[in-house]
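Please find below a colleague's note, set out as numbered points. It is best read with the structure open alongside.

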Amino acid sequence: MTNQVALITGGASGIGKATALKLAAKGITVVISGRNAERGREAVAAIKAVAANEAVVRFIQTDVTSENEVKSLIGHVVQEFGRLDMAVNNAGISVETTTIPQSESTKFSAMIDTNVLGLYYCMKYELQQMVKQGHGSIVNLASIAGLNGMPWAGTYAATKHAVAGLTKSAALDHATQSIRINGVAPGATKTDIIAAQLDGNDENYNEDVISAMHPMNRLGKPEEIANGIAWLLSDEASFVTGHILNIDGGFQAK
């Protein structure tokens, strides 16, 4: 995996940051993107401090809900490094936990803009470059909510079902072009965002309740999800495409 270039959207925190660290430690040039420039710069410094001294890590501020910004992001990566070997489409939001009749249309629309259209824009321009260069590997972030119904998360689940559909369909489109497209479906993972959500006083939505949904009775760690992403990106998964890898503490086995 050395001497390759990887792009990770939403790479300044959580699973994206853990994946960036994993890849940078392997000698891969890593470009992370996100909306918050200050957080991006801090992530770059943190990744460089832990990864090899010669690690090449960049941050490009990007809002994936803007097709023009996404197109510019891919263009910058290719202009500086000449190619794009790997992409992790990790940028996503979850802004509501409620039933559908109690949900807010504006919040559902925001999740569609980031989780569905944002991922579509990224795949569109990543794949254009990968087709041009004749190879590539993409991993999209789905969710256990993208493979099942999920109480109190119908709108979010709808967006992650779309991620699974985009992943599998694109994998079929490019299966003979040395381009592999897969996804991961993490269980609840203790990122900063989820940790903050679970710190409330909601007896229906706290760490004990969410942990109990998983047979291993705990939340995942960002680095555990990153391990699966790195494998799917690598040549060790050379015969794997169109697959959604469950990294969920046994959730799908129930």
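**Notes on the cavity, the pocket and selected residues**

1. The largest cavity has a volume of about 40 Å³. The coordinates belong to a predicted model, and the structure holds one cavity of 30 Å³ or more. The residues lining the largest cavity are Thr 9, Val 64, Asn 89, Asn 90, Ala 91, Thr 114, Gly 118, Leu 119 and Cys 122. By class, this lining divides into four nonpolar, five polar and no charged residues.

2. Which helix gives the most to the lining of the largest cavity? It is α4, with four residues. Helix α4 covers residues 105-133, which is 29 residues, and at 1.5 Å a residue it should span 42 Å. The C-alpha atoms at its ends are 41 Å apart, so the expected and computed spans agree.

3. Helix α4 also has a kink of about 30 degrees, centred on Leu 117. After α4 comes Gly 134, which has a positive phi, near 90 degrees.

4. The second largest pocket encloses about 290 Å³ of space. It is lined by 18 residues, and the closest to its centre are Gly 136, Ser 137, Ser 178, Arg 180 and Asp 235. Two strands, β5 (136-141) and β6 (179-186), each supply at least two residues of this lining. Sorted by class, the lining has seven nonpolar, eight polar and three charged residues.

5. Ser 178, named above among the residues closest to the centre of the second largest pocket, merits a separate point. Where does Ser 178 lie? Its place is in the loop between α5 (154-173) and β6. Is Ser 178 buried or exposed? Its relative accessibility is 52%, and the cut-off for an exposed residue is over 50%, so Ser 178 counts as exposed. The phi of Ser 178 is near 60 degrees, a positive value in a residue other than glycine.

6. Asn 217 likewise is not a glycine, although its phi is positive, at about 55 degrees. Asn 217 is found in the loop between α7 (207-212) and α8 (222-233).

7. Gly 220 lies in the loop between α7 and α8. Its relative accessibility is 16%, and a residue under 20% is called buried; Gly 220 therefore counts as buried. The C-alpha atoms of Gly 220 and Pro 186 are separated by 7.8 Å, although the two residues are 34 residues apart along the chain.

8. Thr 62 occupies the loop between β3 (57-61) and α3 (67-81). With a relative accessible area of 3%, Thr 62 is buried. A polar atom of the Thr 62 side chain lies 3.2 Å from the backbone oxygen of Ile 60.

9. Helix α1 (residues 14-25) has twelve residues. From its first C-alpha to its last, α1 reaches 17 Å, close to the 16 Å expected at 1.5 Å a residue. Several of its residues are buried, namely Ile 15, Gly 16, Ala 18, Thr 19, Ala 20, Leu 23 and Ala 24. Just after α1, Gly 27 takes a positive phi of about 90 degrees.

Terms used
Residues numbered from 1 in each chain as written. Predicted model: local features only at pLDDT ≥ 70, side-chain atom pairs only at ≥ 80, totals over all residues. Heavy atoms only, no water. 1 Å grid on protein atoms, 1.4 Å probe; cavity = no way out; pocket = protein on both sides within 12 Å on 5 of 7 lines; lining within 4 Å. Points joined across faces, edges and corners; volume = space filled by probe spheres on them. Nonpolar A, V, L, I, M, F, W, Y, C, P; charged D, E, K, R; others polar. Expected span 1.5 Å × (residues − 1). Bend = angle between axes of the 7 residues up to and from the residue. Buried < 20%, exposed > 50% of the residue type's maximum accessible area, 1.4 Å probe, protein only. Polar contact = N/O pair within 3.5 Å; in protein donor to acceptor, adjacent residues only side chain to side chain.
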